[in-house]
Amino acid sequence: MEFLANLWNSFAGLFTVTPGWMTFGGWVAAGLTICLFSFLYKDNPFFKVAEHLYLGVGMGWLFQVYLFQTWKPKVYAPLMEGQFSVLIPTLLGLSLVTQFFPRISWISRYGFTFIMGYGSGLVIPMEISTNFLRQIGGSISPFIGATGPWDLFNGALVAFGFICVLFYFFFSVEHKGAVKKASNIGIYFLMLYFGAAFGNTVMGRFSLLYGRFDDLYKYSDASYFYATHVVLGLLVAYFVLDKLVLSKKNGGQEPAH
Amino acid sequence: MKKIPLFLSFLFLSSFSNAAKPTAKGAPNLPPLSGFTAADMPGDAGGTALLRWNSPGEAAEGALVEVHASSAAGAGWVKLAEFPAAAKLEKDMDLPFWAWRPSPGRHAAAVDTSSAFGRPAGEQELEFKLRLVKGSASVETEPARAVINGNWFNLSRLNNLILMLTIIIVFFWTVSHAKRKGLFIRRIAGLDAIDEAIGRATEMGRPIFYSTGIGPMSLVPTIASTSILGEVARKVAQYDTSLKVPHFDPIVMTVCKEVVKQSYLEMERPDSYRDDTNFFVSQDQFSYAASVDAMIHREKPAACFFIGHFMAESLLLAEVGATTGAIQIAGTEQESQLPFFFTSCDYTLIGEELYAAGAYLSKEPMLTSTLKVQDFGKAFVMLAVAAGAILIAAGAMFELDALSKVVTQLFKAY
């Protein structure tokens with residue numbers, strides 16, 4: 001383990017941050033961002049490169065996270081200290097790997113059985129706590145310390161909306177008559193919520209987009225040798241060229257997928 | 001001679017008392033903290049001590065109480081907490097009435113010891129003392145010893161246990177009822193459309209994409225999704241259509257493999273089953289989204305199912321699916337993601353509808369009875385909200401604090 005850590009430190013030492021590396025990083029960031037955005041126009045080889053790179057880097061990152069944040073502190077270190085009880089969960093975890101070997105893949109069922117049982121045992125009491133008690137407590141909480149008619153109206157509106165929404169989710173009762181009316185009112189309450197949630201999330205996504213644009217603007221600077229402009233120009237040139245070649249080959253039609 | 005037994009009794013009682021023996025420093029006008037006791041906090045996971053003492057009265061106004069603790073080895077005192085002397089009354093303790101009986105004029109504090117002394121697996125013996133501080137004056141109690149450990153039963157959660165037992169009893173009653181008489185289930189449009197989607201894929205000769213989302217196997221939506229996948233796979237096996245299930249979680253993938261294989265076996269089509277129907281993509285959220293997006297874009301499936309636990313990747317997946325013209329059915333319990341599915345999918349299962357899907361599609365008495373139990377649960381919640389709201393409003397109107405407190409504590413998740 002120490003050998004691996006030393007090897008990694010030596011390797012990481014090669015990449016000490018210098019102005020040159022920062023510029024290179026800017027080119028990579030601007031290039032990959034524009035390559036991924038190019039999917040908005042159509043699928044292309046640059047997007048594929050960025051996609052597969054993203055997939056690989058993501059998996060590589062997660063592998064080292066599991067190695068150094070799970071395997072090392074929770075398996076290796078306790079074993080080195082003589083805590084052999086960690087072998088039980090370790091073996092259960094390793095049993096999942098037997099899926100790759102059809103003849104002994106049945107062993108993995110022990111691991112899965114434990115995961116399912118443990119998961120259910122953990123989730124069921126939690127669900128009762130969150131889906132029943134917290135919901136009821138939250139719905140009646142506006143009445144606690146209500147001082148005026150508006151407070152009472154606010155509490156009553158929340159409770160009424162909540163009850164109507166629950167009517168919509170009745171499955172073993174036919175929705176007709178009073179149940180249907182309550183259920184329809186419940187749908188309006190749901191839509192009000194979904195509209196607010198939609199607006200809220202879209203605003204959040206836009207802030208992420210601004211972040212990307214801000215980076216692209218930063219990398220369009222002379223200190224980064226106009227990385228954004230150059231990559232964008234090259235990509236546009238590729239698409240123009242591709243279009244011209246396609247026009248000649250297929251009479252302007254894109255190949256069928 | 002009569003005075004001797006009295007004197008001995010006094011000595012005997014005083015030896016068991018943890019009453020403070022003040023050691024005053026500076027101005028001696030601070031009252032002593034009497035009746036100080038230390039014990040393990042009942043119903044916790046360990047690492048918390050329960051300290052109780054008598055109110056120092058108005059003479060301690062503006063003073064602070066410091067909690068000091070020391071390990072049994074006598075490694076010095078560590079200050080764990082500090083609060084105003086008038087705070088931490090027993091009646092303010094955040095515990096329900098069935099687990100905590102406050103005494104008037106007494107203070108109590110649940111003090112976290114784990115941050116200073118850790119939380120060992122077994123018992124932990126600690127000494128505690130309180131120091132009343134006002135300006136330069138201070139007065140201390142005699143140290144009190146307590147054994148801190150974790151408890152098997154948390155009495156505060158008794159309401160949770162009773163509710164769970166009630167649900168279990170109702171469940172067994174409903175199962176027997178469903179087996180005898182059958183149960184009605186209302187129409188769910190999103191689930192009726194599954195046949196349409198699979199039929200369309202069969203006619204067009206294109207694959208079906210099914211994503212179980214990014215939730216682990218312990219999440220209820222993921223479990224519900226595997227159940228729907230089983231039903232989809234049965235129909236896919238029947239029509240001999242191509243099914244592709246890209247996965248985020250390797251454990252979910254393995255469970256889904258078994259589910260799909262079982263469906264093919266039940267439809268007597270084991271020859272059509274392919275082991276690569278379920279495949280792993282990535283456990284990084286946006287890598288997964290980018291990769292599945294690209295697959296959907298290139299393979300142009302006829303139908304896409306996004307059923308399970310989804311977060312920010314929901315719109316990324318559903319939007320690309322919509323651009324390919326696929327019929328899309330989505331379902332998640334994540335209310336923040338549902339609006340995105342509404343805008344980009346043909347049918348959307350909202351929260352509970354997702355959980356109802358397994359029963360709706362299979363019509364098995366065991367599963368349909370779970371729906372009935374869920375409905376009983378909802379009816380209970382509705383009644384509890386209505387009754388609780390009325391009682392609390394009445395309590396506020398007629399100044400019945402005890403009534404409001406009892407109702408609030410009954411429906412509080414501790």
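**Exercise 1. Determine which residue of chain B forms a salt bridge with Arg109(A), and place both partners in their helices.**

Solution. Arg109(A) is paired with Glu258(B) in a salt bridge whose closest N and O atoms are 3.5 Å apart, where a salt bridge is a side-chain nitrogen of Lys or Arg within 4 Å of a carboxyl oxygen of Asp or Glu. The pair crosses between chains, running from helix H5 (residues 108-140) of chain A, which holds Arg109(A), to helix H6 (residues 250-266) of chain B, which holds Glu258(B); helices (H or I, at least four residues) and strands (E, at least two) are DSSP runs, numbered from the N terminus. Glu258(B) counts as partly exposed because its relative accessibility is 32%, given that buried means under 20% relative accessible area, exposed over 50%, and partly exposed in between (1.4 Å probe, protein chains only).

This is a predicted model, in which local features need pLDDT of at least 70 and side-chain atom pairs count only at pLDDT 80 or more, while totals for chains, interfaces and linings use all residues. Residues are numbered from 1 along each chain as its sequence is written, chains are lettered from A and ligands numbered from 1 in the order in which they are written, and side-chain values use heavy atoms, with hydrogens and water left out.

**Exercise 2. Describe the interface of chain A and chain B by its contacts, its buried area and its polar pairs.**

Solution. Begin with the contacts: 57 residues of chain A are in contact with 68 residues of chain B, contact meaning heavy atoms within 4.5 Å. Next comes the area, since chain A and chain B bury about 5700 Å² between them, 74% of it on carbon and sulfur atoms; buried area is the accessible area (1.4 Å probe) that two parts lose on being put together, summed over both. The polar part of the interface comprises three salt bridges and 12 residue pairs in polar contact, both residues being at pLDDT 80 or more. A polar contact is a pair of N or O atoms within 3.5 Å; within protein, one must be able to donate a hydrogen and the other to accept it, and residues adjacent in sequence count only if both atoms are side-chain atoms. On the side of chain A that touches chain B, helix H3 (45-80), H5, helix H6 (149-168) and helix H7 (178-219) of chain A each supply at least two residues, and H5(A) gives the most, with 18 residues. Arg298(B) and Glu51(A) form a salt bridge as well, with their closest N and O atoms 2.9 Å apart.

**Exercise 3. Examine the surroundings of Gln99(A) and of Arg186(B).**

Solution. Gln99(A) lies in the loop between H4 and H5 of chain A and is partly exposed, with a relative accessible area of 24%. Not counting residues up to four places away in sequence, Gln99(A) touches Ser105(A), Ser108(A), Phe112(A), Thr254(B) and Glu258(B), and a polar contact of 2.9 Å joins the side chains of Gln99(A) and Ser108(A).

Arg186(B), for its part, is found in the loop between helix H3 (158-181) and helix H4 (189-204) of chain B, and counts as buried at 8% relative accessibility. The residues that Arg186(B) touches, not counting those up to four places away in sequence, include Tyr168(A), Phe169(A), His175(A), Glu353(B) and Tyr360(B). The side chains of Arg186(B) and His175(A) are joined by a polar contact of 3.3 Å.

**Exercise 4. Compare the settings of two salt bridges in chain B, Arg131(B) with Glu66(B) and Lys378(B) with Asp375(B).**

Solution. The side chains of Arg131(B) and Glu66(B) meet in a salt bridge of 3.8 Å, N to O. Arg131(B) lies in strand E6 (residues 124-134) of chain B and Glu66(B) in strand E3 (residues 64-71) of chain B, so this pair ties together parts that are 65 residues apart in sequence. Glu66(B) counts as buried, at 10% relative accessibility.

For Lys378(B) and Asp375(B), the closest N and O atoms of the salt bridge are 3.2 Å apart. These two residues are separated by about one helical turn, because they are three residues apart in helix H11 (residues 365-397) of chain B, and both Lys378(B) and Asp375(B) are buried. Finally, salt bridges that share partners join Glu66(B), Lys79(B), Glu82(B), Lys129(B), Arg131(B) and Glu140(B) into one network, and the structure holds 28 salt bridges over all chains.
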